[in-house]
Amino acid sequence: MAARIIVDLSDGKIVLFGGGPEDGEPDAGLSDGFTRASVDEFRAALGSVGELVKTLEASIEALPKRPAKIEIEFGATLSQECDLWIVAADASPEFRIKLVWGEGG
């Protein structure tokens, strides 16, 4: 199950991850079972995707016989500590990321 996180944005608004509102449940108790994370922690978690993509790009560039097109798709989900976990694209992640290199990419 994905972590339930409230991200506190710098403008005072929040973003919630890990499930939607439940029918008949008031929003007042919404923080029950949620971990709080700062916008800086959230940025750091999402920034790790950029580092991953740089590593993938370097590996693709190093291929001696690169195919005309390469596609990589994966999911990403947040841990209770607001770390980003890479998971299978079909594992109900919070984010689906598809990278394409080459023809049509």
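1. Ser79 touches Ala3, Ile5 and Trp85 in this predicted model, leaving aside residues up to four places away in sequence. Ser79 sits in the loop between E4 and E5. Its relative accessible area is 10%; the cut-off for buried is under 20%, so Ser79 counts as buried.

2. Gly33 is also a loop residue, placed between strand E2 (14-17) and strand E3 (35-38). Here the relative accessibility is 57%, and the cut-off for exposed is over 50%, so Gly33 is classed as exposed.

3. Ile5, one of the residues that Ser79 touches, can also be related to Gly33. The two lie 28 residues apart along the chain, and 8.5 Å separates their C-alpha atoms.

4. The sheet that includes E4 and E5 is open and has 3 strands, in the order E5-E4-E6, with antiparallel pairing. Strand E5 (84-87) and strand E6 (95-102) are the edge strands; each has a single partner strand, so one side of each has no neighbour in the sheet. From one strand to the next, the twist averages 35°.

5. Strand E4 (residues 69-78) and E5 run antiparallel and are joined by 4 bridges. Ala76 has Ile86, in E5, as its bridge partner. The loop between these strands, E4 and E5, is where Ser79 is found.

6. Helix H1 (residues 39-61) lies across E4, E5 and E6. Relative to E6, the helix runs at about 25°.

Methods
Residues are numbered from 1 along each chain as its sequence is written. This is a predicted model: local features need pLDDT of at least 70, side-chain atom pairs count only at pLDDT 80 or more; totals for chains, interfaces and linings use all residues. Side-chain values use heavy atoms; hydrogens and water are left out. Two strands pair if DSSP finds at least two bridges between them. Helices (H or I, at least four residues) and strands (E, at least two) are DSSP runs, numbered from the N terminus. Axes are lines fitted to C-alpha atoms, for helices over the stretch in contact, and angles run from 0 to 180 degrees between N-to-C directions. Contact means heavy atoms within 4.5 Å. Buried means under 20% relative accessible area, exposed over 50%, partly exposed in between (1.4 Å probe, protein chains only).
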